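Please look over the sequence and the model shown here before reading on. The paragraphs that follow begin with one helix and then turn to the cores.

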Amino acid sequence: MTSRSSRSPLRVLGIDPGLTRCGVGVVDVAPDRSAQLVHVGVVRSDPGEPIEVRLALIAAGLRAVIEAHRPDVVAVERVFAQHNRQTVMGTAQASGIALLVAGERGLPAATHTPSEVKAAITGYGSADKRQVQTMVARVLRLDALPQPADAADALALALCHAWRGGTTAAAASGPLTPAQQAWADAERLSRR
């Protein structure tokens, strides 16, 4: 892991876990919270393949992104309850692979819920996919909305992590806003 000064950007790899499409987004976030797109994409696996092959493909794809872009930290969407048990199981498995790959590389990793990400990016924890894509495009000064939605979600995760002062981001993001401080206090209290 590269040591960064408090004046240099924090490079965050955001991962939106999924078995068929695992979104990946890498951003550099400056101390003033401005951000620049480094990489965005999707790691895919064929639903017709055995689960062990699919997970190996996801791991290989994530390792390749880490090798190519050398992030300082990894942010992964936290698995949440869904009505479709098969979907939540696949998401949980892909999430575990993402955290494992980060651990293999000695990278700090954090998880954020979808509502945390939406609130950080749009100011509204129940924002829809289009609102998230629009704000990600605006923040990163993109000419078009990032596609597919998995890739946009990965970029949103990376931005959320950096802006919320997560692991290794505290030095790069400066002092917390009052809303960020309130959120951090609420999270700390919920862990007790």
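**Helix H2 and the nonpolar cores**

Helix H2 has 20 residues, which at 1.5 Å a residue should span 28 Å, and its end C-alpha atoms are indeed 28 Å apart, so the two values agree; the expected span is 1.5 Å times one less than the number of residues. Helices (H or I, at least four residues) and strands (E, at least two) are DSSP runs, numbered from the N terminus. This is a predicted model, in which local features need pLDDT of at least 70 and side-chain atom pairs count only at pLDDT 80 or more, while totals for chains, interfaces and linings use all residues. Residues are numbered from 1 along each chain as its sequence is written, and side-chain values use heavy atoms, with hydrogens and water left out.

Among the buried residues of H2 are Val88, Ala94 and Ser95, where buried means under 20% relative accessible area (1.4 Å probe, protein chains only). What covers the buried residues of H2 includes strand E1, helix H1, strand E4 and strand E5. Ser95 itself has a relative accessible area of 6%, and its contacts (heavy atoms within 4.5 Å) include Pro17 and Val76, when residues up to four places away in sequence are not counted.

The largest nonpolar core, a set of buried Ala, Val, Leu, Ile, Met, Phe, Trp, Tyr and Cys residues joined through side-chain atoms within 4.5 Å, has 22 residues. Its largest share, eight residues, comes from helix H5. Apart from this core lies another, of 21 residues, with Leu19 and Val76 among them.

Notes: Buried < 20%, exposed > 50% of the residue type's maximum accessible area, 1.4 Å probe, protein only.
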